[in-house]
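Welcome, and please open your viewer. Could you load the model and get ready to select residues as we go along?

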Amino acid sequence: MVTNRKCPCGSGESFNRCCSPYLSGITDPVNPEQLMRSRYTANVEQDQAYLLKTWHPSTRPGHIGGFSHWCGLRIIAVQGGGPGDSEGTVEFRAMYREGEILGCLHEKSRFIREAGRWYYLDGEIIASGPFAQAKVGRNAPCPCGSGRKYKKCCLKKGR
């Protein structure tokens, strides 16, 4: 399927040129940031199989619970994960919407490479939960930091 829609991971690329090849199994991410972005996209797309496949077997759960309406990803820092590395970390903030409530998951995730493939190992949650402001006006700046109005960003994505 060919689509020009932007990839949910926030890379600015089209979905087909960014995370779709990873989710469809055509290729594997080559570093922790690509894996983080593709896992975020899998959450948006509700692709539990991809999330489990990219989770390291030593920490992988048997199943994944319900999905939130994810509406924004911001990568804060990436450490390691280069061509010669076997470990790496990605610190990120992911925005979500549940009904009228907006929230944020701020995590520092650890990744490990085995047999040439990167896996999510675990993460340290720095902060998680709803914003203090429970309701955002439609014309207010979106709290996810995109620079767009809430009605054109997370409100629209949560429908």
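This tour moves from the whole chain to a single helix, then to the core, the cysteines and two loops.

**Stop 1: the whole chain**

Start by showing everything as a cartoon, and keep in mind that this is a predicted model. You should find 4 helices and 4 strands in the protein chain. Trace them from the N terminus, and the order of the elements reads α-α-α-β-β-β-β-α. The chain has 159 residues, of which 42% count as buried. Among contacts with a separation of 6 or more, 42% join residues 24 or more positions apart.

Now colour by confidence. The average pLDDT of the chain is 87, and 89% of the residues score at least 70. Where is confidence lowest, and where is it highest? The low point is helix α4, residues 154–157, with a mean of 64, while α1 has the highest, at 98.

**Stop 2: helix α2**

Select residues 32–45, which make up α2. This helix of 14 residues spans 20 Å from its first C-alpha to its last, close to the 20 Å expected at 1.5 Å a residue. Add N31 to your selection: this residue caps the N-terminal end of α2, with a side-chain oxygen 3.1 Å from the backbone nitrogen of E33.

Next, show the side chains. The buried residues of α2 include P32, L35, M36, Y40 and A42. Which elements do the buried residues of this helix pack against? They pack against α1, α3, β1, β2, β3 and β4.

Zoom in on R37, which also sits in α2. R37 counts as buried because its relative accessible area is 16%, under the 20% cut-off. Leaving aside neighbours within four places in sequence, R37 is in contact with C9, G10, S11, C19, L73 and I75.

**Stop 3: the nonpolar cores**

Select C19, M36, L73, F92 and F111 together. In the largest nonpolar core, which has 27 residues, these five touch the most other members. Each of α1, α2, α3, β1, β2, β3 and β4 supplies at least two residues of this core. A second, separate core has 9 residues, including L102, C142, Y150 and C154.

Go back to C19 and show what surrounds it. Beyond its neighbours within four places in sequence, C19 is in contact with C7, C9, R37, S38 and T41.

**Stop 4: the cysteines**

How many disulfides does a search of the whole structure find? The answer is 0. To see one case, select C9 and C18. The cysteine sulfur closest to that of C9 belongs to C18, but the two are 3.6 Å apart, so they are too far for a bond; the cut-off for a disulfide is 2.5 Å. C9 is buried, at 0% relative accessibility. Select C71 as well: C71 is also buried, at 2%.

**Stop 5: two loops with a positive phi**

A little background helps here: most residues other than glycine have a negative phi. Select Q46, which follows α2 and lies in the loop between α2 and α3. Although Q46 is not a glycine, its phi is positive, about 60°.

Finish at A115, in the loop between β3 and β4. The phi of A115 is positive too, near 50°. Is A115 buried or exposed? A115 is exposed, because its relative accessible area of 86% is over the 50% cut-off.

Technical notes. Residues are numbered from 1 along each chain as its sequence is written. This is a predicted model: local features need pLDDT of at least 70, side-chain atom pairs count only at pLDDT 80 or more; totals for chains, interfaces and linings use all residues. Side-chain values use heavy atoms; hydrogens and water are left out. A nonpolar core is a set of buried Ala, Val, Leu, Ile, Met, Phe, Trp, Tyr and Cys residues joined through side-chain atoms within 4.5 Å. Buried means under 20% relative accessible area, exposed over 50%, partly exposed in between (1.4 Å probe, protein chains only). Contact means heavy atoms within 4.5 Å. pLDDT is the predictor's confidence in each residue, from 0 to 100. The expected span of a helix is 1.5 Å times one less than its number of residues. A polar contact is a pair of N or O atoms within 3.5 Å; within protein, one must be able to donate a hydrogen and the other to accept it, and residues adjacent in sequence count only if both atoms are side-chain atoms.
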